[in-house]
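Visitor: I have a structure to get through before class. Can you walk me through it?
Guide: Sure, let's put it on screen.
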Number of protein chains: 2
Amino acid sequence: MHAALPAPHFCTIDAVDHALEPILRGRIDAKAKPPGSLGRLEDLAVQLGMIWHPMPPRAERATVFIFAADHGIAAESVSPYPASVTRSMVSAYLAGCAGMNVLAKAAGADVCVVDAGIDDDLPPCPGLIDRKIARGTRNASREPAMTTDQARRAIAAAVTLVCDAIDGGIDIVAIGEMGIGNTTSAALITHRLAAAPIADCVGRGAGLDAAGVAHKLAVAAQAAARTTATAPLDVLAEFGGFEIAMMAGAVLAAAARRRPVVIDGFIASAAALVAVRLHPEARDYCVFSHRSAERGHKILLETMAATPYLDLGLRLGEGTGALMAIPLLRAAAGILTDFADLSDVLAGTLGRRS
Amino acid sequence: MHAALPAPHFCTIDAVDHALEPILRGRIDAKAKPPGSLGRLEDLAVQLGMIWHPMPPRAERATVFIFAADHGIAAESVSPYPASVTRSMVSAYLAGCAGMNVLAKAAGADVCVVDAGIDDDLPPCPGLIDRKIARGTRNASREPAMTTDQARRAIAAAVTLVCDAIDGGIDIVAIGEMGIGNTTSAALITHRLAAAPIADCVGRGAGLDAAGVAHKLAVAAQAAARTTATAPLDVLAEFGGFEIAMMAGAVLAAAARRRPVVIDGFIASAAALVAVRLHPEARDYCVFSHRSAERGHKILLETMAATPYLDLGLRLGEGTGALMAIPLLRAAAGILTDFADLSDVLAGTLGRRS
């Protein structure tokens, strides 16, 4: 058991033992199938095997954590939707009727909705976890989105929350988000941590037209010009938001507890990059689920040497891409745990399995 | 209720009403998400909506039908595995410990194993459905793999089997196969029905090296040169096999009963092409699950204007790719049935859903 450590470390994370890879590949090659014929599921099985070593991987209980927060930069009209939609969508998650609920049901995953910093006083509600840092961030185009102390507290809160949940029996952690304006924050984090031109990081978000993207780029460029920060915690504090900070914390928690963490799309990947810059070992625990249609995602994936498993043109967020990858993790774990060897099949020595 | 009709029709199939497409797109655009943000899942939702119309789509109960049979052409060393592996793998499916069992569990799908023509006298076994047409096909490089009467009987048997299963409550039909040598049959069907050069249709199968592929191509070319057949039933009879015939029947059955049929990889797609050439309306019911690493699959997909949902480098067969797509169908159906409209979310008029 690792206890949460004080900032800036938050928790201790051990890298996986990469020397296990050829051993796991050998075990998979011995299964009753042509070598390599399960393609990328085999890569995923190897990753899960390394993460869970010396235990066999488990993949029964999956929970998607949806962190929601508002963004001061939304006042600059960087999204086609008003900021109040953040709160409305959270109500939909709690009512079980949003897109992510539909996909969570299809994936057999539990949903955990976290108020990381919604700009509203939500009444206590079953299923809503209150970890509000503040009622939204400040406007990052004019001033730092949050203090570094707020960034630390947000990460630490998620580390504790997700570590506790894992200790309660979660096998797979998935992360997603809701926050009107947060593709702008993610674009700024990508720009600064991946050293990419801001113009390559800003995309259509929730559906801007060309003029909208041009305006969003101007706002983002203004924010970028305001600061020269490059340290991960400082970049996070400068550009926001609270849900990104908490997703970074969730990644660290999963890595600290040696569980896979399924990363959703652009914004979740920006959070993963923050986590990986804080703790490079955390990369070993990240499963990048899908290739988002949002422009800057490609840069993040390349920066973290990640090849996602799905390419379905999703750009909704809310953990939807991560959820669609959960059955792949279940299959990959089963390759290691429930799949007979070819030698046993040919020898006819099989017992009936569950 | 459509009864199975005599050959060559087998069953009656109605095309879906494509005029529903813009109506369904409009309904999906009204959901609480940016228009288009669920990408290809929205395309799948539209297809399921058209298939199930006027009922809402269901996607709870999924069954993968694994049809197994032997191939006389396997005597020509077109596979790196001996023909006896067909029977051994069927034992593994029944023992619940093969790759497809692992993936069926991950997808929440039932497994139905059908002896379409295994070259062995299998003892009666719980879970094995005996629809054996013969103990393997004849060697298609020298003579027709089966008679057209056998082809008809194989298709009709699967139509009856799968129609009955659907009447028993299956929402999603998935098809897969096992049969050492069957990539050669599928390559020949592709060559003849898609009018593609045989060299473009022959691939590595279960893992041939370059010399093995060259030999397999020579054997396939000998089979192709033996006949000028182009009618789908004749092509099927010439090149085999019984499992391909039964998969074609399963496609027809699903279409006759207005259920989606999830097509696995190269060999299942060759069967789908046979079905579509017999009944072009059947295409509307086919969901092409994944892009196989087997070479000729691309030709089949292009011929049927299909863009698969997954690209995981799978080349195992056994329905594994189809199984990995089943959660996508569940998600797509849920988009139509369980996802609130944006107007309701913004108005705050949501009731708690299951």
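Guide: What follows is a quick tour by question and answer, and this is a predicted model.

Visitor: How are chain A and chain B related?
Guide: A rotation of 180° superposes chain A on chain B, with 0.0 Å of shift along the axis and an RMSD of 0.0 Å. That is the relation of a two-fold axis.

Visitor: Which residue of chain A comes closest to that rotation axis?
Guide: Leu310(A) does. Its C-alpha lies 3.3 Å from the axis.

Visitor: How many residues does the contact take from each chain?
Guide: It takes 54 residues from chain A and 54 residues from chain B. The copies meet through the same surface, because 100% of the interface residues of chain A are also interface residues in chain B.

Visitor: And how much area do the two chains bury between them?
Guide: About 4,400 Å². Carbon and sulfur atoms carry 68% of that. In chain A, the residues that lose the most area to chain B are Cys97(A), Val102(A) and Leu312(A). Together they make up 13% of what that side buries.

Visitor: What about salt bridges across the interface?
Guide: There are two salt bridges between chain A and chain B. The side chains of Asp338(A) and Lys105(B) meet in a salt bridge, at 3.8 Å from N to O.

Visitor: Why would such side chains pair?
Guide: Side chains of opposite charge can pair when their charged atoms come close.

Visitor: How many residue pairs are in polar contact across the interface?
Guide: 10 residue pairs. As for classes, the side of chain A that touches chain B has 34 nonpolar, 11 polar and nine charged residues. Several helices of chain A each supply at least two residues of that side, including α2 (39-52) and α13 (320-337).

Visitor: New topic. How many salt bridges are there over all chains?
Guide: The structure holds 36. Take Asp149(A), which forms one with Arg153(A). Their closest N and O atoms are 3.2 Å apart.

Visitor: Where do those two residues lie?
Guide: Both are in helix α5 (residues 148-167) of chain A. They sit four residues apart, about one turn of the helix. Asp149(A) is partly exposed, at 41% relative accessible area. Arg153(A) also counts as partly exposed, at 41%.

Visitor: Got one that links distant parts of a chain?
Guide: Yes, in chain B. Arg257(B) forms a salt bridge with Asp167(B), with the closest N and O atoms 2.8 Å apart. The two residues are 90 residues apart. Arg257(B) is in the loop between α10 (242-256) and β5 (261-263), while Asp167(B) is in helix α5.

Visitor: Is Arg257(B) buried or exposed?
Guide: Arg257(B) counts as buried, because its relative accessibility is 12% and the cut-off for buried is under 20%. Its partner Asp167(B) counts as partly exposed, at 39%.

Visitor: Which residues do shared partners join into one network?
Guide: Glu21(A), Arg25(A), Arg40(A) and Asp43(A) are joined by salt bridges that share partners.

Visitor: Last one. Where is Gln150(B), and what is it in contact with?
Guide: Gln150(B) is in helix α5 (residues 148-167) of chain B. Gln150(B) is buried, with a relative accessible area of 16%. Leaving aside neighbours within four places in sequence, Gln150(B) is in contact with Ile133(B), Ala134(B) and Phe242(B).

Methods: Residues numbered from 1 in each chain as written. Chains lettered and ligands numbered in written order. Predicted model: local features only at pLDDT ≥ 70, side-chain atom pairs only at ≥ 80, totals over all residues. Heavy atoms only, no water. Buried < 20%, exposed > 50% of the residue type's maximum accessible area, 1.4 Å probe, protein only. Contact = heavy atoms within 4.5 Å. Least-squares fit on C-alpha atoms with pLDDT ≥ 70 in both. Buried area = accessible area lost by both parts, 1.4 Å probe. Salt bridge = Lys/Arg side-chain N within 4 Å of Asp/Glu carboxyl O. Polar contact = N/O pair within 3.5 Å; in protein donor to acceptor, adjacent residues only side chain to side chain. Nonpolar A, V, L, I, M, F, W, Y, C, P; charged D, E, K, R; others polar.
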